[in-house]
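Me: I'm new to this one, and I'd like to take a close look at a single part, the place where the ligand sits. Could you start there and then walk me outwards?

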Amino acid sequence: MPSHVAAFAPGRVNLIGEHTDYNEGLALPFAIEAGVRVDASATAGRAIHAHALDLGERDSYELGAEGPSPGGWRAFVRGASAELAAAGLPLRGATLEIGGTIARGAGLSSSAALEVALCLALLALADADVVPPWPLARICSRVENEWVGAQTGLLDQLASLCGRERAAMRIDFRSGVIEPVALELGDWRLVTLDSGVVHTHAESGYNERRRECAQACEALGISSLRDLEPAMLSALPAPLDARARHVLEENARVDAAVDALSRGDLPALGTLLDASHASLRDLYEVSTPELEAAVVALRDGGAAGARLMGGGFGGSVLGLLPPGALAPAGALEVAPGAGARVLER
Ligand code: GLA
């Protein structure tokens with residue numbers, strides 16, 4: 001058994017395919033270089049002592065006595081150990097030092113990075129067998145759903161777990177197939193721009209949008225919006241028709257983006273980003289004035305396309321900049337990086 005391990009999990013950028021994951025649809029994310037690092041050292045008993053380095057805060061509890069959820073960052077730690085145990089996975093007492101390089105609440109999936117890094121570190125310390133991406137992503141999303149209170153899907157956790165350099169991933173949330181898609185940008189750049197509004201899914205309209213999608217399925221007698229046909233839209237009342245139409249068209253945009261990338265047609269990719277944003281703003285209604293301002297700042301700088309990214313209601317905007325375009329102040333260049341991994345054991 002190792003006495004010390006370290007694990008790293010990256011955040012993610014989603015190129016396109018928003019609010020499709022929990023509708024058994026398609027998305028095209030990539031892992032970024034910034035992320036969360038967890039150092040875990042074994043202790044003699046069954047106690048967990050966790051330390052959030054950036055906040056200077058601590059938490060201590062016994063394995064098996066995690067609940068009720070304390071909220072904040074502690075909910076992630078307690079949720080991770082509780083959900084790993086509930087999945088029948090081995091655990092040991094540990095001291096956990098949590099640090100990293102990713103901004104919280106900026107729409108780059110710091111939450112998923114934290115869940116994944118915690119789970120990988122706890123599992124490596126207990127010398128557990130490797131858990132494949134889908135089941136591990138499900139455990140992590142249970143942390144988010146049951147302990148943090150956000151009914152998020154599996155996009156962020158899978159992107160963090162399966163990232164690789166120079167590629168995005170086309171994820172099919174119905175078939176489970178994850179395919180790498182080469183991201184060759186040449187002199188073009190992808191940047192994110194923080195809207196300045198910290199978002200928490202638990203408090204935003206995210207859960208409401210999920211409910212609306214479930215209501216649309218119920219009204220149509222289908223099990224998921226992946227089964228939606230264009231002709232069915234007219235049977236739905238407002239705003240369910242608009243929500244469903246976004247999902248239908250966003251899935252198609254993911255495959256159009258894969259196609260544009262395979263042709264090296266980056267202007268076409270930009271047009272798709274713009275169309276995704278318009279749909280998230282007008283049909284899915286998850287934009288805010290601050291996100292709109294960030295999109296305008298990117299377009300004013302010459303972006304070929306820009307869109308809000310992630311759940312919306314705050315967080316970051318993604319922009320595709322052609323050579324010579326100006327990134328607005330505060331923009332962060334992002335490139336695909338390797339997926340989550342155990343660094344030391
Ligand atoms: C958040 C959630 C994801 C996904 C996106 C929207 O990032 O965590 O599961 O639903 O919003 O695409």
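How far is an oxygen atom of the ligand from an N or O atom in the side chain of Glu-18?

Reply: Sure. One thing up front: what you're looking at is a predicted model. The distance you asked about comes out at 2.7 Å, from an oxygen atom of the ligand to an N or O atom in the Glu-18 side chain.

Glu-18 has company there. There are 13 residues around the ligand, and the ones that come nearest are Glu-18, His-19, Asp-21, Asp-156 and Tyr-206. Pick out Tyr-206 from that group: an N or O atom in its side chain is 2.5 Å from an oxygen atom of the ligand. The backbone takes part as well, since a polar backbone atom of Gly-311 is 3.1 Å from a ligand oxygen. How much of the ligand does the protein cover up? On its own, the ligand would expose 310 Å², and the protein buries 99% of that. The space that the ligand takes up is the largest cavity. If you sort the shell of residues around the ligand by class, you get 3 nonpolar, 6 polar and 4 charged ones.

Now let's step outwards, beginning with helix α5, which spans residues 206-220. Arg-209 is found in this helix. Is Arg-209 buried or exposed? It counts as buried, because its relative accessible area is 6% and the cut-off for buried is under 20%. The side chain of Arg-209 reaches the backbone oxygen of Glu-285, at a distance of 2.8 Å.

Keep following the chain and you come to the loop between α5 and α6, where Pro-239 lies. Have a look at the peptide bond from Ala-238 to Pro-239: this bond is cis, with omega near 0°. That's worth pausing on, because most peptide bonds are trans. There's another cis bond to find, running from Gly-67 to Pro-68, with omega near -10°. Pro-68 is in the loop between β5 (57-62) and α1 (72-86).

Ser-69 is in the loop between β5 and α1 too. With a relative accessible area of 32%, Ser-69 is partly exposed. If you draw a line from its C-alpha to that of Leu-280, you cross 32 Å of space, while the two residues are 211 apart in sequence.

Back to helix α6, which runs through residues 240-263 and holds Asn-251. Asn-251 has 10% relative accessibility, so it counts as buried. Its side chain reaches across to the backbone nitrogen of Leu-26, at 2.9 Å. That brings us to the loop between β1 (4-14) and β2 (26-27), which is where you'll find Glu-24. What sign does phi have in Glu-24, positive or negative? It is positive, near 55°, in a residue other than glycine. To put that in context, most residues other than glycine have a negative phi. Glu-24 is partly exposed, at 30% relative accessible area. Phe-313 gives you another case, with a positive phi near 60°. You can spot Phe-313 in the loop between β10 (305-308) and β11 (316-321).

Let's finish with a few pairs that link up parts of the chain. Ala-6 has its place in strand β1, and at 0% relative accessible area it is buried. Go 114 residues along the chain from Ala-6 and you get to Leu-120, yet the C-alpha atoms of the two are separated by 8.5 Å. Arg-104 sits in the loop between β6 (94-100) and α2 (110-125). It is partly exposed, because its relative accessibility is 43%. Its C-alpha is 7.9 Å from that of Val-198, which is 94 residues apart from it along the chain. Then there's Gly-35, found in strand β3 (residues 29-42) and buried, with a relative accessible area of 0%. Gly-35 and Ser-204 are 169 residues apart along the chain, and 23 Å separates their C-alpha atoms.

So, to come back to your starting point: the ligand has oxygen atoms placed 2.7 Å from the Glu-18 side chain, 2.5 Å from the Tyr-206 side chain and 3.1 Å from the Gly-311 backbone.

Notes:
Residues numbered from 1 in each chain as written. Predicted model: local features only at pLDDT ≥ 70, side-chain atom pairs only at ≥ 80, totals over all residues. Heavy atoms only, no water. Near = heavy atom within 4 Å. Polar contact = N/O pair within 3.5 Å; in protein donor to acceptor, adjacent residues only side chain to side chain. Areas by Shrake-Rupley, 256 points an atom, 1.4 Å probe, with all protein chains shown as cover. 1 Å grid on protein atoms, 1.4 Å probe; cavity = no way out; pocket = protein on both sides within 12 Å on 5 of 7 lines; lining within 4 Å. Sits in = over half its atoms within 2 Å of the grid points. Nonpolar A, V, L, I, M, F, W, Y, C, P; charged D, E, K, R; others polar. Helix = DSSP H or I, 4+ residues; strand = E, 2+ residues; numbered from the N terminus. Buried < 20%, exposed > 50% of the residue type's maximum accessible area, 1.4 Å probe, protein only.
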